[in-house]
Amino acid sequence: MSGQGAVHLSIADGIASVTFDRPEARNAMTWAMYESLTSICERLREDDAVRVVRLRGAGGEAFVAGTDIAQFLEFRSGDDGVAYEQRIDACMALVESLPKPTVAVVEGWCIGGGLAIATACDFRIATPSAKFGVPIARTLGNCLSMANVARLVASLGRPRALRMLMAAELVSAEDAHAAGYVLEIATPEDIGAAADRLCERLAKLAPVTQAVSKEALNRLLVRDLPDAEDLIRRAYGSDDFREGVRAFVEKRPPVWTGR
């Protein structure tokens, strides 16, 4: 596992910039990075001077390429998977519930946990080369939490969510834009300026209206979600999941058994 990475926060003119900084690993999230993101969200939700939050990956090759897979070598049972998904859910809920607009700036890979973070944001802009997906049916053999599945379906629609989850397909920036998931596509040279323009436009609007409208939409999405711990426990407790993790770390194709 290369470096623990970092999540940086800077604030200027009412706009908070959150940067996932682990470019040597395509900004794959370590436990420490998730903890930093949690702390940053807790701070920002109480800062009324911040009007907009922008999230971006360092290096230009990825927003976030998922969770660092080597960390899953520590898992021993399905209960470890349930605890992990609960931990991720808590972090994503903080991102989603920030009482101000959030903008994900996506360059390159936006995979797994990165897709969850981007989907928990309100708006997304991307470069033409951006790829969105959660190819766990091809790589790890695990699953998503019910909350993350619900966000995916609400943002991209059931057909695209099925393609992502069951066929391990990656969605292009163009397809994501056609679905309304991506607000704008900009070249790598222009995406910084495009993000600035969007953040500045959002910062000029009524913050109370933005906050209550966002909360209303979030309540429609997450209220009365069915429990899915049995599904998570089955996936993370499977031999296939352990094989998927070992194969990923060993850089070989997994051999699925269905057990």
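**A buried helix across a four-stranded sheet**

In helix α3, the buried residues (under 20% relative accessible area with a 1.4 Å probe, protein chains only; exposed is over 50%, partly exposed in between) are G113, G114, L115, A116, I117, A118, T119 and A120. That makes eight of the eight residues of α3, so the helix is largely enclosed by the rest of the structure. This is a predicted model, where local features need pLDDT of at least 70, side-chain atom pairs count only at pLDDT 80 or more, and totals for chains, interfaces and linings use all residues. Residues are numbered from 1 along each chain as its sequence is written, and side-chain values use heavy atoms, with hydrogens and water left out.

Now for the surroundings of α3. Helices (H or I, at least four residues) and strands (E, at least two) are DSSP runs, numbered from the N terminus. Helix α3, residues 113–120, lies across β4, β6 (109–111) and β8, and runs at about 90° to β6; axes are lines fitted to C-alpha atoms, for helices over the stretch in contact (heavy atoms within 4.5 Å), with angles from 0 to 180 degrees between N-to-C directions.

The open sheet has four strands in the order β4-β6-β8-β9, with mixed pairing (strands pair if DSSP finds at least two bridges between them). Its edges are β4 (62–65) and β9 (171–172), each pairing on one side only. Strand β8 (residues 131–133) meets β9 in the antiparallel sense over two bridges, with K131 opposite S172 in β9.

As for disulfides (pairs of cysteine sulfur atoms within 2.5 Å), the structure holds zero. For C110, the nearest cysteine sulfur is that of C121, 9.0 Å away. C110 is buried, at 0% relative accessible area.
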